[in-house]
Every structure is written in structure tokens, then in C-alpha cells.
Amino acid sequence: MFDIDDKMINNLLIIQKAVEIYKEKKGSYAGFSFDLVRANGFYASVDESGCSSKIQLAISPDGTKYIAYFPTCMDEKKSSLCIENGAEKGMTADTLIAQKEYHCSPYQDPTIRFGDLDKKMFANAMIAWDEIERYKKAHGSYQGFDVSNTNNKGSFSLKLNDADCSNEIKIDIAKDGKSYRITYNFCLNNKMLCMSNNSQQQPAIVEKKVFSSVTEKCSF
């Protein structure tokens, strides 16, 4: 796999040289394609040893920017090797950001990125849990609770958005106002956080595939 990635890195550098020569002649990256690359050993795709990958080339509509990248064989779903105008060499980049933004944004280990996000959302779920219990004490029922009225402002949020994870805290209240359930799907695994009026002092961590649809319960 490393040998294949090394070959593909070399092809990115070939593209970088060819596209810059093209711009010097044309004054723009517009119109550049792999067909214009004339170099020995150049190829835009690889399919060997259980790895299939292809260099993606994107040029901005105004012709002022380009990006070329390919998912690495070692971690094709998460990281790409990427090069863009102004860069002297390729870099390891986030595949989804490269695809969506045509920019070689540095790759982050998802276990670190999502770990931080999940910690924040766990804290926000705990805030929602505290607020709904306060509401019950004041009103005698959970009915009518609206988390947007929470006293905890600042970094509190029901929803997060990341390049590879979009998630939100959901609050379900039973029609009779006697029970509720707060849930949140973790980004990192197949489990979810669940809290309810019968959760005692600890929230439950429940597998998504066995999660109950009964509003007042967090178990299966």
C-alpha cells in the first residue's frame, strides 16, 4: 500500500509541474486536464493489491485555483494526499473537505476530532437534562418544556456540524407530560447517549440497533 501511495504522490507532483506550466502559457488554470500531461510513468488511477484509487482534479470556475487529490490506500475513507496552487509539495488532507471545498485542509484523526465533539455534546446533553428537571420542579410536569429557554447560554447547542458528522440532541416528551427522553448519537461508534426521568444519576449508553422506541425508557 505504501508503494502504491508513493507512486501516486509522484503523479501529483507531475500534475503540479504540468498545470503550472499550462498557467504560464494560458494565464489561467481553466481548460487544464489530464490529457495535457505528457510524462513517463504518469497515470491518474491505480487498481492493484486490493486498492483502487483515482486522482481527482478540480479547477475553480474563474480559473484561478486548482486542486488535485487522491484517497490514500492506507486510509481511503478519511485521508487524501492533496496538492493545490501555491503549494510546493503535497500534503495529507481531509478527504471530505477536499471533495466539498476544493481545498487541501489538513487531515485530523477522526478519533480526536469526534472525541472532542462528543465531549461537548455530552456536556450539552447534561445541561438539557438539568434544565428539564428544573422545569418539572417549577411546573409540576415536563409538558411544555422548551430547551431554547435554557438559562445556560454560551457554548450550549443542540446540534453540531462537522465535515464527517452531523448530529443533534433530541428531546422527546410523553403526551401526558410525566416522562421524557433525551438522546444523542455518538459520532465515533454505533452507540447513543440516553437520559430520561427514570435514569437515576447516570445516563445510559445504548446500542443504536437495539434502542427502544418507547419514549420513557432508555433501555431495550
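Which strand is Tyr 180 found in? Tyr 180 sits in strand 10, which covers residues 180-185. Keep in mind that this is a predicted model.

## The whole protein

Here's the overall picture. The protein's secondary structure comes to 3 helices and 12 strands. Of its 220 residues, 41% are buried. Its exposed surface is about 12,900 Å², with carbon and sulfur atoms supplying 48% of that.

If you count the contacts with a separation of 6 or more, 46% of them involve residues 24 or more positions apart.

## A four-stranded sheet

Now for one of the sheets. Strands 3, 4, 5 and 6 make an open sheet in the order 3-4-5-6, with antiparallel pairing. Strand 3 (56-59) and strand 6 (91-94) are at the edges with a single partner strand each, so one side of each has no neighbour in the sheet. From one strand to the next, the twist averages 35°.

Look at how strand 3 meets strand 4 (residues 66-71): the two run antiparallel and are joined by 4 bridges. Ile 59 is opposite Tyr 66, a residue of strand 4.

## Around Tyr 180

Back to the tyrosine we started with. Is Tyr 180 buried or exposed? Tyr 180 counts as buried because its relative accessible area is 0%, and the cut-off for buried is under 20%.

What does the side chain of Tyr 180 reach? One answer is the backbone oxygen of Ser 196, at 3.5 Å. There's also a polar contact of 2.7 Å between the side chains of Tyr 180 and Trp 129. As for the backbone, the C-alpha atoms of Tyr 180 and Asn 197 are 6.1 Å apart, while the two residues are 17 residues apart along the chain.

## Aromatic pairs

Searching the whole structure turns up 6 aromatic pairs. One of them joins Phe 34 and Phe 42 in a tilted arrangement, 6.1 Å centre to centre with 45° between the planes. Phe 34 is partly exposed at 22% relative accessible area, whereas Phe 42 counts as buried at 18%.

Tyr 180 has an aromatic partner too: its ring centre and that of Tyr 142 are 4.7 Å apart, and the planes are at 70°, so this pair is edge-to-face. The cut-off for that label is over 60 degrees. Tyr 142 lies in the loop between helix 3 (110-139) and strand 7 (159-162), and Tyr 180 in strand 10, so the pair ties together parts that are 38 residues apart in sequence. Like its partner, Tyr 142 is buried, with a relative accessible area of 3%.

Notes: Residues are numbered from 1 along each chain as its sequence is written. This is a predicted model: local features need pLDDT of at least 70, side-chain atom pairs count only at pLDDT 80 or more; totals for chains, interfaces and linings use all residues. Side-chain values use heavy atoms; hydrogens and water are left out. Buried means under 20% relative accessible area, exposed over 50%, partly exposed in between (1.4 Å probe, protein chains only). Contact means heavy atoms within 4.5 Å. Accessible areas come from the Shrake-Rupley method with a 1.4 Å probe; for residues, only the protein chains shown count as cover. Two strands pair if DSSP finds at least two bridges between them. Axes are lines fitted to C-alpha atoms, for helices over the stretch in contact, and angles run from 0 to 180 degrees between N-to-C directions. A polar contact is a pair of N or O atoms within 3.5 Å; within protein, one must be able to donate a hydrogen and the other to accept it, and residues adjacent in sequence count only if both atoms are side-chain atoms. Rings of Phe, Tyr and Trp (its six-membered ring) pair if their centres lie within 6.5 Å; planes under 30 degrees apart count as stacked, over 60 as edge-to-face and the rest as tilted.
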